[in-house]
Amino acid sequence: MLGGFPNPGKRTATNLQEAAMPELPEVEITRRGLLPDLAGRRIDAVVARHASLRYPLPRALGRLLAGRSLRGIDRRGKYLLFRFDHGTLIVHLGMSGSLRLVPAAEPAGRHDHLDIVFGRRALRLRDPRRFGAVLWVEDDASAHPLIAPLGIEPLSCAFDGAWLHAATRGRATPVKLFLMDSHAIVGIGNIYASESLFRAGIHPRTPAGRLSRARCQRLAEAVKATLEAALAAGGSSLRDFIHSDGGSGWFQQQHFVYGREGEACRVCGARLRQLRLGQRSTFYCPRCQR
DNA sequence: CTGGTCACCTGGAAGC
DNA sequence: TGCTTCCAGGTGACCA
């Protein structure tokens, strides 16, 4: 393998199936894992090794953060909000990003773009595909142009069947694409969209606006159950994840349909199928999902 | 406003 | 063996 980049080991299955992307549960797990170690801690230095990810990194990040104490970490959708007295550092992990606590002296790998040093340890941002983002806002982060248009939090009480029913009226778009539209609902990526629709027994191509009230109810519950199952799976390995060297990737999870095209449905045994919606692979069971 | 498509970036796998 | 092509993914930008 390339220097410094951990070898994920021999894997026979496709990485499609194994490499879970940071969706809402992974981001929330990261937040919960970092909080107890970092809240209240003072930053000593910042090391930026790459000038930009999706956007240019804030300039003079070291001068901005050194000597400041981290007040807390919030999450909005898939954005992590690191709170300081004088502003908020917004971090998005894109599709390949991770944040881990490492010894500050540990040599950085090829894709370790940013270190925020707290004493002997560093919060290290690794993002091989550089789809992630690091932004700084002095004023209200919720008003930031990337944050303000975000949709409802799927784990909030406000997200339920009634909300989903109302929000989808008049929408012809396939329900899977609606689930993935961050301006409608945040945090549901390609994997959990397929998984949630399977749990709800709804075909991914169903026009969102045609879903009955009852099916919206079922889908809202399925989304919550899917995300909560992932959170539970991640929670059990949370400390290992945050403090490991990154070799193991995101926590493993058993999917019902994602990445399993051609295999047998775990519920009915039918051959699972794959189709493309919005340029994205979509997996479903032709018998369980109508 | 809605819906559809593209670009960004990289590593790994598949194809030739 | 080595090159080329394709694909994965989140999301903003841009089009009709």
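This is a short tour of a predicted model, with suggestions for what to select at each stop.

**Stop 1: the whole of chain A.** Start by colouring chain A by secondary structure: you should find 8 helices and 10 strands. Chain A has 290 residues, and 38% of them count as buried. Take the contacts in chain A with a separation of 6 or more: 66% of these link residues 24 or more positions apart.

**Stop 2: residues 22-132.** Select this stretch next. An unreviewed UniProt entry labels it "domain: Formamidopyrimidine-DNA glycosylase catalytic". Here the chain is 18% helix and 36% strand. Click on the C-alpha atoms at the two ends, and you will see that they are 10 Å apart.

**Stop 3: residues 256-290.** Now move along to the part that UniProt, again in an unreviewed entry, annotates as "domain: FPG-type". Helix makes up 0% of this stretch and strand 29%. Its end C-alpha atoms lie 16 Å apart.

**Stop 4: DNA strand B.** Show the residues around this strand; there are 10 of them. Which come closest to DNA strand B? They are R129, R130, R171, A172 and T173. Sorted by class, the surface near strand B has 3 nonpolar, 4 polar and 3 charged residues.

**Stop 5: DNA strand C.** Finally, switch to strand C, which has 17 residues around it. Look for M95, R129, G189, N190 and S281, which come nearest. Two elements, α6 (190-200) and β10 (280-284), each give two or more residues to this surface. The surface near strand C is made up of 6 nonpolar, 7 polar and 4 charged residues.

Before you leave, select R129 once more: this residue is among the closest to DNA strand B and among the nearest to DNA strand C.

Notes. Residues are numbered from 1 along each chain as its sequence is written. Chains are lettered from A and ligands numbered from 1 in the order in which they are written. This is a predicted model: local features need pLDDT of at least 70, side-chain atom pairs count only at pLDDT 80 or more; totals for chains, interfaces and linings use all residues. A residue is near a molecule or strand if its C-beta atom, placed from the backbone, lies within 6 Å of it. Helices (H or I, at least four residues) and strands (E, at least two) are DSSP runs, numbered from the N terminus. Ala, Val, Leu, Ile, Met, Phe, Trp, Tyr, Cys and Pro count as nonpolar, Asp, Glu, Lys and Arg as charged, and the others, Gly among them, as polar. UniProt positions are given in the numbering used here, feature names are shortened, and annotations may be inferred rather than shown by experiment. A residue is buried if 20 or more other C-beta atoms lie within 10 Å of its own, exposed if 12 or fewer, and partly exposed in between; C-beta atoms are placed from the backbone. Two residues are in contact if their C-beta atoms, placed from the backbone, lie within 7 Å.
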